[in-house]
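Trainee: Got a minute to go through this one with me? I'd like to practise reading contacts and burial.

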Amino acid sequence: MILLTLINTSQLTSFTFFNSLSKFPFNQTLCLIDISAFENPIGNYNMGLKGFAEGGIASIIAGASTHPLDLIKVRMQLQGESHIPNPSALQSYRPAFSLSSAANISLPTTLDVPPPPRVGPLSIGLRIIQSEGANALFSGVSATMLRQTLYSTTRMGLYDVLKHKWTDPATNNMPLGHKIVAGLIAGAVGAAVGNPADVAMVRMQADGRLPVEQRRNYKSVVDALGQMSKQEGVASLWRGSGLTVNRAMIVTASQLATYDQAKEMILEKGLMNDGIGTHVTASFAAGFVASVASNPIDVIKTRVMNMKAEPGVEPPYKGALDCAKKTVRAEGPMALYKGFIPTISRQGPFTVVLFVTLEQVRKLLKDF
């Protein structure tokens with residue numbers, strides 16, 4: 001005989017069932033199971049699912065509306081990138097006529113092309129519109145929406161689940177340390193899920209800066225993922241995934257934790273009511289902290305994802321660390337903050353749209 005006892009804080013229920021001794025090597029077992037956490041499994045499931053839906057809707061709206069700023073940021077981060085070619089592959093030039101040796105005149109055998117001047121975000125935006133058309137500002141928007149669907153939905157939903165689990169019921173607040181840990185976990189999982197869309201997004205955004213003969217000309221995010229898989233292997237979809245995970249952990253931890261902490265401080269001190277003003281203020285603080293913390297990793301991630309790996313040709317970078325060393329050596333330490341102005345210009349509006357939309361979606365879905 002096997003005796004199973006289910007213990008609840010409100011009631012004690014037990015039942016017995018019999019089974020043949022030939023099936024089990026024992027004839028009596030006592031199992032104590034706390035089912036207080038499963039009193040309303042459907043409600044818990046809906047609560048978790050709703051957090052993913054709310055975060056996904058807000059993230060897609062925020063990502064699509066601020067996509068042009070993200071594209072300009074990517075173009076700025078790729079400025080000054082120098083891929084040193086193989087010296088033997090350089091084209092040599094010789095004079096069209098010969099001079100006597102007595103003249104002792106030497107002519108250059110290679111053509112040195114000076115690097116293009118670096119320009120700001122406004123100039124880059126205008127240049128994109130003039131050379132590629134206004135629609136080019138939304139190049140890769142399909143990849144952005146897929147990325148937000150995979151990456152941001154996962155990180156926002158998982159953070160919400162951990163937030164509900166770790167919130168102190170007495171104070172209805174979660175300690176800052178727990179917020180940071182929840183952000184790190186949620187960001188890592190979300191980045192691992194969304195990395196293929198992230199690679200496609202970076203390449204589609206950067207394609208317009210390449211010479212016409214070198215452009216990939218992806219038609220959509222589906223086409224980009226398909227071509228990368230065929231030409232470079234499925235593993236290329238997770239190129240730079242280590243950087244993506246690190247960046248996502250920093251962004252999510254700094255962004256979500258700062259927003260929640262700033263919002264709690266504003267409400268506790270009575271500076272503002274729980275409304276649009278509080279949400280916008282907390283969002284700007286979150287966007288600034290996330291931009292400062294993540295920009296160096298974002299620069300390296302963009303360059304690693306955008307590099308073109310060809311069979312038999314050594315890639316420009318061997319990895320993230322090699323990319324960081326070459327970038328600092330060639331362009332100086334501040335190159336890691338290249339594109340910071342468009343980053344914060346994008347991160348600020350993105351974060352504001354994200355959290356303001358999230359708060360409104362929560363109000364709409366509070367009865368579900």
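**Around Y218 and beyond**

Mentor: Sure. Leaving aside neighbours within four places in sequence, Y218 is in contact with R203, M204, D207, D223, A224, Q227 and M228. Keep in mind that this is a predicted model.

Trainee: Which side chain joins that of Y218 in a polar contact of 3.4 Å?

Mentor: Start from where Y218 sits, in the loop between α5 and α6 (221-232). R203 is among the residues in contact with Y218. The side chain joined to Y218 by that 3.4 Å polar contact is the one of R203.

Trainee: Does Y218 count as buried or exposed?

Mentor: Buried means under 20% relative accessible area. Y218 has 11% relative accessibility, so Y218 counts as buried.

Trainee: What about A200, how far is its C-alpha atom from that of M305?

Mentor: A200 lies in helix α5 (residues 176-206), and at 0% relative accessibility A200 counts as buried. Outside its neighbours within four places in sequence, A200 is in contact with A143, V221, A224, L225 and M228. A200 and M305 are 105 residues apart along the chain, and their C-alpha atoms are separated by 8.7 Å.

Trainee: How is α8 oriented relative to α9?

Mentor: The axes of helix α8 (residues 276-306) and helix α9 (residues 320-331) come within 10 Å and cross at roughly 110°. Angles of 65 to 115 degrees count as roughly perpendicular. That crossing therefore makes α8, relative to α9, roughly perpendicular.

Trainee: And how many charged residues are in the contact of α8 with α9?

Mentor: On α8 the contact is made by I300, R303 and V304, and on α9 by A320, C323, A324, T327 and E331. By class that gives five nonpolar, one polar and, for the charged residues, two.

Definitions and conventions. Residues numbered from 1 in each chain as written. Predicted model: local features only at pLDDT ≥ 70, side-chain atom pairs only at ≥ 80, totals over all residues. Heavy atoms only, no water. Axes fitted to C-alpha atoms, helices over the stretch in contact; angles between N-to-C directions. Helix = DSSP H or I, 4+ residues; strand = E, 2+ residues; numbered from the N terminus. Parallel < 35°, antiparallel > 145°, perpendicular 65-115°, else oblique. Contact = heavy atoms within 4.5 Å. Nonpolar A, V, L, I, M, F, W, Y, C, P; charged D, E, K, R; others polar. Buried < 20%, exposed > 50% of the residue type's maximum accessible area, 1.4 Å probe, protein only. Polar contact = N/O pair within 3.5 Å; in protein donor to acceptor, adjacent residues only side chain to side chain.
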